[in-house]
Amino acid sequence: MATEDLVTEQFQFLGIDVPKEVLSKCVSLCEEYNVDAETFIEQWMAFSLTHLNGSSPTLENLDLLEKKEFSKRAASRLNAPTNEAANTGTSLTVYGTQVSSQSDNEVLSGYMTTTATPKRIKLETEAVSTQSELRPATYSPTVSNSDKYASRANSGTIVHSYGDDKLLQTIAKANSPNDVLELCISQIPNDDGDIYTKAMFGFELLHEKASTFDNHIHYISQCIKKKANLSESTSVRHKSQAKVIVAGRIECDADARLNSKSVVLQGSWEESLSQAVTVDTDSLKQYSLFPGQVVVMRGLNPRGDRFLAHEVFCDSSQPIPDPKADMMNSLKGTLSLVVVAGPYTTSDNMAYEPLKDLILYVSTQKPHVVIMTGPFMDCDHTKVKDNTMAETYKSFFDKLLDSLGELNTTSPFTKIYIVSNCKDVFHLNIYPTPPYSSRRKHPNIHFVPDPCTLNISGIVLGITSTDVLMHISQEEISLGMGGDKLSRLANHIIMQQTYYPLWPPPPGLCLDASLWTAHAQLPCTPHILVLPSNFRYFVKEVNGCVVVNPEHLTKGSGGGTFARMLVTVESNLPKGICAQILRI
């Protein structure tokens, strides 16, 4: 409670002498508008510097302060039940917060002052229904929906179909309570039996990193030679007038994009002491190469410093597992899947309209499994970069999870698996990316890392949220390959046995070598491989694996696409898989 002594002390601290009648007026204002002495003096100083050029307090100036500041605040408190914004009497304006968070704001506002800014600011809370509104608290009062997204006329349109016509006829049918499946879903561990849950990164020793890649070169090259029935390889620097076999990793001899004249092959330590040799590709009739790719070559090396390649072998793909191998964990019935990739809001706002439409679709169709890949809050989003959010990124992500958690009521048998993404502003910027974490626990939501391999009752599903197809495409060189480029790019991942075969990664992707070798390898060739990309959506069979690119749920300020799938083991896979790409 303000007294004349407290007000005098605050003014004296600022070096201001105030007459007694002015002190009495200050105390009466504090009592009338329920503010303490310190807050009152701070409010006066801000008002004086803004409107009165820093003059001392007088009775006339205090009347002006009351008229312009405190009277408005009192009026806003009286009108709080009818207005969208309710005044808490503090010094920061926040739009879009829920009423339940008012007590937290009052505590935080005790640490906020207005002496550092010349303009008066208020903290306001807004009653928001989490079901109808899904947007973060913000300092900006102008939060609107996307006109382009709202005016779209092609919602629900099927833009691409893949698979058997009989299956496709039933793919649009919503699941009923009779269609419930007893699914056993688990994440396939790595060769050491570990599941990626935590990221220990930031301390890579150079010799350990070199050893990691050397072991990878040795292992993949051995798989290639075994599959191609090739003899043992020699050093990449071995001089020979006859054709020899060499193995190594493709690199570029310049700090630029790979081209046919800059191809270098680095051998393993065991065979070549990690030496490299320039590769002459003029004699090759066809090839598809990119940095980081492990290959085996047949050719000549007359002088030891330039390998004349005649053939290139790069296929080390593993067999596809039998979905019925484990009779106790095999699919019984038809599995329905929805695959969707972020971002989940348009580029011009944070209203998350596409996500709400997706939730409505899932609650209507009731699929068995929903695969959602990040980002949920893209670090490159304009509304994230302009720093107008008035709550933590993590707390808003919890709100998004709550909206997904509501599906447990409308579609209780739907399991949602959320794949992390290193572009999420609230998460670690490292690849492979550990799974998200949240204090909110929803029985239907499960977090998995990027990348990950899931076993859904014998159906192996490989997923990554990183646009590896685009990354490889930007670095790949090819000649005489023919066929479909997108299928070739996806096949690189299968043939190299890793979700991310490119090295070095592009700027912006922080790849940790030890995590990569432990958690970014393909344990087998999956039945379904999900590769979200900026490339146009597609569903293709590649090397016996069905590769799905659902594209993104949003494209700029407009709507995007997602995929729905049916899987049955009654027909031999991949014939038992059908898919459609739909517009949101």
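Is Asp 378 buried or exposed? Keep that question in mind while you set up the view, and remember throughout that this is a predicted model.

**First stop: the pair at Asp 378**

Select Asp 378 and Lys 423, whose side chains meet in a salt bridge with an N to O distance of 3.7 Å. The pair links distant parts of the chain, 45 residues apart, since Lys 423 sits in the loop between strand E13 (415-419) and strand E14 (445-448), while Asp 378 sits in the loop between strand E12 (369-373) and helix H11 (382-385). Colour the two by accessibility and the opening question is settled: Asp 378 is buried, with a relative accessible area of 14%, whereas Lys 423, at 33%, counts as partly exposed.

**Second stop: the sheet of seven strands**

Now select the strands in the order E3-E24-E23-E11-E12-E13-E14, which make up an open sheet of 7 strands with mixed pairing. Strand E3 (158-162) and E14 stand at the edges, and because each has a single partner strand, one side of each is left without a neighbour in the sheet. Viewed across the sheet, neighbouring strands are turned by 20 degrees against each other on average, with direction ignored.

Within this sheet, pick out strand E11 (residues 334-341) and strand E23 (residues 561-568), which run antiparallel and are joined by 6 bridges. To find one of the paired positions, select Val 339, whose bridge partner in E23 is Ala 563. Next, add helix H10 (residues 353-365), which packs on the sheet and touches E11, E12, E23 and strand E24 (577-583), its direction making about 165 degrees with that of E12. Then add helix H12 (residues 393-405), which also packs on the sheet, here touching E12, E13 and E14, with a direction that makes about 130 degrees with that of E14.

**Third stop: helices H1 and H3**

Move to helix H1 (residues 4-13) and helix H3 (residues 37-51), whose axes come within 9 Å and cross at roughly 45 degrees; the two helices are therefore oblique to each other. H1 passes H3 in a right-handed crossing. To display the contact, show Leu 6, Val 7, Gln 10 and Phe 11 of H1 together with Ala 37, Glu 38, Ile 41 and Trp 44 of H3.

**Fourth stop: salt bridges elsewhere**

A search of the whole structure finds 18 salt bridges. Select Glu 66 and Lys 25, which form one of them, with the closest N and O atoms 3.8 Å apart. Glu 66 lies in helix H4 (residues 59-78) and Lys 25 in helix H2 (residues 20-33), so the pair ties together parts that are 41 residues apart in sequence. Glu 66 counts as buried at 16% relative accessibility, while Lys 25 is partly exposed at 22%. Add Asp 63 to the selection, and you have a network of salt bridges that links Lys 25, Asp 63 and Glu 66.

For another setting, go to Lys 261 and Asp 282, where the closest N and O atoms of the salt bridge are 3.2 Å apart. Lys 261 is in the loop between strand E5 (240-252) and strand E6 (263-266), and Asp 282 is in the loop between strand E7 (276-280) and strand E8 (287-289), 21 residues away. Lys 261 counts as exposed at 55% relative accessibility, and Asp 282 likewise counts as exposed at 55%.

**Last stop: a hairpin**

Finish at strand E19 (residues 538-542) and strand E20 (residues 545-549), which run antiparallel and are joined by 5 bridges. Glu 541 has Val 546 as its bridge partner in E20. The hairpin has 2 residues between the strands, and in it Asn 543 takes a positive phi near 55 degrees.

How values were computed:
Residues numbered from 1 in each chain as written. Predicted model: local features only at pLDDT ≥ 70, side-chain atom pairs only at ≥ 80, totals over all residues. Heavy atoms only, no water. Pairing = 2+ DSSP bridges. Helix = DSSP H or I, 4+ residues; strand = E, 2+ residues; numbered from the N terminus. Salt bridge = Lys/Arg side-chain N within 4 Å of Asp/Glu carboxyl O. Buried < 20%, exposed > 50% of the residue type's maximum accessible area, 1.4 Å probe, protein only. Axes fitted to C-alpha atoms, helices over the stretch in contact; angles between N-to-C directions. Parallel < 35°, antiparallel > 145°, perpendicular 65-115°, else oblique. Left-handed = near helix turned anticlockwise from the far one by under 90°. Contact = heavy atoms within 4.5 Å.
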